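Welcome! Let's take a friendly walk through a protein and the molecule it holds. Have the sequence and the 3D view ready before you read on.

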Amino acid sequence: MRILRTLCVFCGAATPHDPRFARAMMALGDELLRRRIGLVYGGGRVGLMGIVAEQVLRGGGHVTGVIPHQLQRREVANLDVSELVVVDSMHERKAIMYERSDAFVVMPGGFGTLDEAMEILTWKQLGVHDKPIVFVSIDGYYAPLEAFFERAVGDGLLKEMYAKLYHFVPTLDALWTYLDRYEPHKEGITPWV
Ligand code: AMP
């Protein structure tokens with residue numbers, strides 16, 4: 001990918017039991033710093049999202065947090081970020097995260113993470129954008145989702161050409177390899193009109 005200035009990270013607002021997930025968030029933050037890529041995320045201090053933001057801020061990197069005002073208390077809005085965008089709704093949060101980012105990375109998370117990932121995927125399916133969307137399967141976390149997508153293609157519920165709209169990688173190294181080589185491909189996808 002020629003230009004990767006900002007990376008949006010979707011991930012859990014919870015802290016999982018397995019410390020490998022937290023370590024992966026720190027390693028992701030370190031690589032963002034090394035590459036001077038800005039982080040765009042949900043703006044809270046809690047859970048996995050708090051860990052990646054803290055890591056980037058500690059290293060002097062640029063962090064944009066986007067948080068609905070209703071969630072400022074619940075997700076402990078991080079007032080130390082480079083820019084905190086306080087919005088009125090979850091929809092606006094996703095729209096701004098989308099606008100501000102050159103690529104999307106889905107790290108382990110729950111319903112909220114899946115919601116964000118699915119929405120950005122459906123926008124790509126409609127041809128609204130052609131930015132990379134990568135699921136990072138730390139410890140095989142997203143293997144069942146990858147299998148589900150394959151099943152949906154197999155059953156004819158997901159067109160085969162849509163299978164190239166997303167990518168699953170097993171490690172962060174594989175994430176960067178994929179992003180470095182990413183070429184936008186819009187062929188065959190109905191453009192947004
Ligand atoms: P979770 O994966 O459930 O831990 O949630 C991760 C993040 O997604 C949290 O910051 C949630 O506030 C956020 N989230 C949950 N639902 C939505 C939604 N509909 N739109 C945007 N963000 C959401």
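Begin with two helices, α3 (90-99) and α4 (111-125), since each of them supplies at least two residues of the shell around the ligand. Of the elements that contribute, α4 gives the most to this shell, with five residues. Keep in mind as you look that this is a predicted model.

How many residues surround the ligand in total? The count is 16, and the closest are A13, E75, G110, G112 and T113. If you sort the shell by residue type, you find six nonpolar, five polar and five charged residues.

Now zoom in on single atoms. E75, one of the closest residues, places a polar side-chain atom 2.5 Å from an oxygen atom of the ligand. With G112, the backbone takes part instead: one of its polar backbone atoms is 2.9 Å from a ligand oxygen. F111 also uses its backbone, with an N or O atom that lies 3.5 Å from an oxygen atom of the ligand. How much of the ligand's surface does the protein cover? Taken alone, the ligand exposes 500 Å², and the protein buries 80% of that.

Step back a little and ask where the ligand sits. Its place is the largest pocket, which has a volume of about 500 Å³. The lining of this pocket is made of 28 residues, and C11, G12, A13, G112 and T113 lie nearest its centre. Three of these names may sound familiar: A13, G112 and T113 are also among the residues closest to the ligand.

Which parts of the chain build this lining? β1 (6-10), α2 (47-58), α3 and α4 each supply at least two residues. Here too α4 gives the most, with five residues. By type, the lining of the largest pocket divides into 15 nonpolar, seven polar and six charged residues.

Finally, turn the model to find the second largest pocket, with a volume of about 200 Å³. Its lining consists of M1, R2, I3, D102, D130, K131, P132, Y182, E183 and P184. What types of residue are these? Five are nonpolar and five are charged, with no polar residues in this lining. Try selecting these residues in your viewer, then return to E75, whose side chain contacts the ligand at 2.5 Å.

How values were computed: Residues are numbered from 1 along each chain as its sequence is written. This is a predicted model: local features need pLDDT of at least 70, side-chain atom pairs count only at pLDDT 80 or more; totals for chains, interfaces and linings use all residues. Side-chain values use heavy atoms; hydrogens and water are left out. A residue is near a molecule or strand if one of its heavy atoms lies within 4 Å of it. A polar contact is a pair of N or O atoms within 3.5 Å; within protein, one must be able to donate a hydrogen and the other to accept it, and residues adjacent in sequence count only if both atoms are side-chain atoms. Accessible areas come from the Shrake-Rupley method with a 1.4 Å probe; for residues, only the protein chains shown count as cover. On a 1 Å grid over the protein atoms alone, a cavity is a set of points where a 1.4 Å probe fits but cannot get out, and a pocket is an open set with protein on both sides within 12 Å along at least five of seven lines; lining residues have an atom within 4 Å of a point. A molecule sits in a cavity or pocket if more than half of its atoms lie within 2 Å of its grid points. Helices (H or I, at least four residues) and strands (E, at least two) are DSSP runs, numbered from the N terminus. Ala, Val, Leu, Ile, Met, Phe, Trp, Tyr, Cys and Pro count as nonpolar, Asp, Glu, Lys and Arg as charged, and the others, Gly among them, as polar. Grid points are joined across faces, edges and corners, and a volume is the space filled by probe spheres set on the points.
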